[in-house]
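Work through these exercises with the sequence and the 3D view open. Try each task before you read its solution.

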Amino acid sequence: MDCIQRPADAIRFPFSARGHNLRTKQQKKMSERLLSTASSPMACFSTCRLLPSARASVVRLPSARASVARLPSSSFLRSSLPSPVLLHRNAWRMTSIEVARASSGAASATCFASDLEQLKSAREDIKELLKTTFCHPILVRLGWHDAGTYDKNIEEWPQRGGANGSLRFEIELKHAANAGLVNALKLLQPIKDKYSNVTYADLFQLASATAVEDAGGPKLPMKYGRVDVSGPEQCPVEGKLPDAGPPSPATHLRDVFYRMGLNDKEIVALSGAHTLGRSRPERSGWGKPETKYTKDGPGAPGGQSWTVQWLKFDNSYFKDIKERRDEDLLVLPSDAVLFEDPSFKVYAEKYTEDQDAFFADYAEAHAKLSNLGAKFDPPEGLSIDNAMPEKFVASKYSSGETKAV
């Protein structure tokens, strides 16, 4: 959760009696109220992450740990509680979190990028959304596309791209590969409004993981605490996501996914998520307007699916791609290559025969993808469930494989 930083010249901390004592009883009472607020654990939550429409009125920070008000003197950094705070006559009010951070007695009040309890509640609301809208496929795609811009060769955040919530901005939503994802954002925005202490970056990945699990897929070892980018100027350039029909599909897939630090096994496992959803020609240029499997929905009718039961997460994608017996089922060039490229084929054949193996590899690959490029606060992340996932280490995301020629 971001906290608001006020200008350093808006406050003064008196440490001597040389003209700095409180002038009136009214000022003294105000200071006592502020300091008492700081002792409350809930002081941390008195300033919350704001929606884009409100961000012009505040100075936003990437982490609550950076939100301590600037101090006029290093002598303030003492173990004892400082003298009462003197507010400048024309200054902004000092927020309770700033007072809490300014006192050693409130050091235990910690703000993270997202609030754990709100994450849990948001997950339940997403499950209810899925029951009524059948939006599993587009939520999976939203999470993937927010994370899939990551470049392992760039260290700086957010220049490296990845799961940072940038896909909420119009400039990125208008990228050709993101056609239709504005609908996913509209579905999730009421949940974001309700749980303002959950970042967009976390919400996108939470929705994606919940959709997979709700459709019958594996339990995903997710972690949260992703920091949001603050503005559209931090969005990645267009062209970082995979294309459905490149001239050389295998080379293209490796170019894109190796750049993210993923390997051949992960490319094939992630491709298996096409067991969910449909391709709509008005968005991607691929697929039929409707088929016997999609003409009646559920959800908005139309499009062409990869599988017959396109809201069920299983290994039928690999079976149908391999057999190609039904012209109403979609096979893109990037799908067909999974059984044509020698390295890809090893994993595609394995997943065709062994759904448990597919689920295990998919769960690992999905969680890895969801962490790409993210800046976590706290650094080790937050777990909605009991087990704490492994800390993100960028150097581990190098596949070590050479590209196919």
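**Exercise 1. Decide whether His-145 is buried or exposed, then list what it touches.**

Step 1. Take the accessibility. In this predicted model, His-145 has a relative accessibility of 14%.

Step 2. Apply the cut-off. Buried means under 20% relative accessible area. His-145 therefore counts as buried, at 14%.

Step 3. Place the residue. His-145 sits in helix α4, which covers residues 136–147.

Step 4. Find the neighbours. Leave out residues up to four places away in sequence; His-145 then touches Leu-167, Glu-172, Ala-177, Asn-178, Leu-181 and Leu-241.

**Exercise 2. Work out which residues of helix α3 are buried and what they pack against.**

Step 1. Check the helix length. Helix α3 spans residues 116–133, 18 residues in total. From first C-alpha to last, α3 reaches 26 Å, close to the 26 Å expected at 1.5 Å a residue.

Step 2. Pick out the buried positions. In α3 these are Gln-118, Leu-119, Ala-122, Arg-123, Ile-126, Leu-129 and Leu-130.

Step 3. Look around the axis. The buried residues cover an arc of only 145°, so they lie on the same side of α3.

Step 4. Turn to the other side of α3. Lys-131 and Thr-132 are exposed there.

Step 5. Find the packing partners. The buried residues of α3 pack against α4, α6 (181–194) and α7 (200–214).

**Exercise 3. Find the residues other than glycine with a positive phi, Phe-134 and Arg-324, and describe where each one sits.**

Step 1. Recall the background. Most residues other than glycine have a negative phi.

Step 2. Start with Phe-134. Its phi is near 55°. Phe-134 comes just after α3, in the loop between α3 and α4. Its relative accessible area is 34%, so Phe-134 is partly exposed.

Step 3. Go to Arg-324. This residue has a positive phi of about 50° and is not a glycine. Arg-324 follows α11 and lies in the loop between α11 (316–323) and α12 (333–336). At 48% relative accessibility, Arg-324 counts as partly exposed.

Step 4. Look back at α11, the helix before Arg-324. Its buried residues are Ser-316, Tyr-317, Phe-318, Asp-320 and Ile-321. The buried residues of α11 pack against α9 (264–271), α12, α13 (342–353) and α14.

**Exercise 4. Locate the cis peptide bonds that lead into Pro-158 and Pro-378.**

Step 1. Recall the background. Most peptide bonds are trans.

Step 2. Check the bond from Trp-157 to Pro-158. It is cis, with omega near 5°. Pro-158 belongs to the loop between α4 and α5 (170–173).

Step 3. Check Asp-377 and Pro-378. A cis peptide bond joins them, with omega about 10°. Pro-378 is in the segment after α14 (355–371).

**Exercise 5. Classify the ring pair Tyr-351 and Phe-358, then look for charges over ring faces.**

Step 1. Count the pairs. The model has 10 aromatic pairs.

Step 2. Take one of them. The ring centres of Tyr-351 and Phe-358 are 5.6 Å apart, and the planes meet at 50°.

Step 3. Apply the cut-offs. Planes under 30 degrees apart count as stacked, over 60 as edge-to-face and the rest as tilted. At 50°, the pair of Tyr-351 and Phe-358 is therefore tilted.

Step 4. Check burial. Tyr-351 and Phe-358 are both buried.

Step 5. Widen the view. Tyr-351 and Phe-358 belong to one aromatic cluster, together with Phe-313, Tyr-317, Phe-318, Phe-359 and Tyr-362. Tyr-317 and Phe-318 are also among the buried residues of α11.

Step 6. Look for charges. Lys-223 lies over the face of Phe-376, 4.5 Å from the ring centre. Arg-254 lies over the face of Phe-344, at 4.2 Å from the ring centre.

**Exercise 6. Summarise the whole protein: its helices and strands, burial, contacts and surface.**

Step 1. Count the elements. There are 14 helices and four strands.

Step 2. Take the buried share. Of the 405 residues, 53% count as buried.

Step 3. Consider the contacts between residues at least 6 apart in sequence. Of these, 74% join residues at least 24 apart.

Step 4. Finish with the surface. The accessible surface is about 18,800 Å², and 52% of it belongs to carbon and sulfur atoms.

Conventions:
Residues numbered from 1 in each chain as written. Predicted model: local features only at pLDDT ≥ 70, side-chain atom pairs only at ≥ 80, totals over all residues. Heavy atoms only, no water. Helix = DSSP H or I, 4+ residues; strand = E, 2+ residues; numbered from the N terminus. Buried < 20%, exposed > 50% of the residue type's maximum accessible area, 1.4 Å probe, protein only. Contact = heavy atoms within 4.5 Å. Expected span 1.5 Å × (residues − 1). Arc of directions from axis to C-beta. Phe/Tyr/Trp six-rings, centres within 6.5 Å; stacked < 30°, edge-to-face > 60°. Lys NZ or Arg CZ within 6 Å of the ring centre and 35° of its normal. Areas by Shrake-Rupley, 256 points an atom, 1.4 Å probe, with all protein chains shown as cover.
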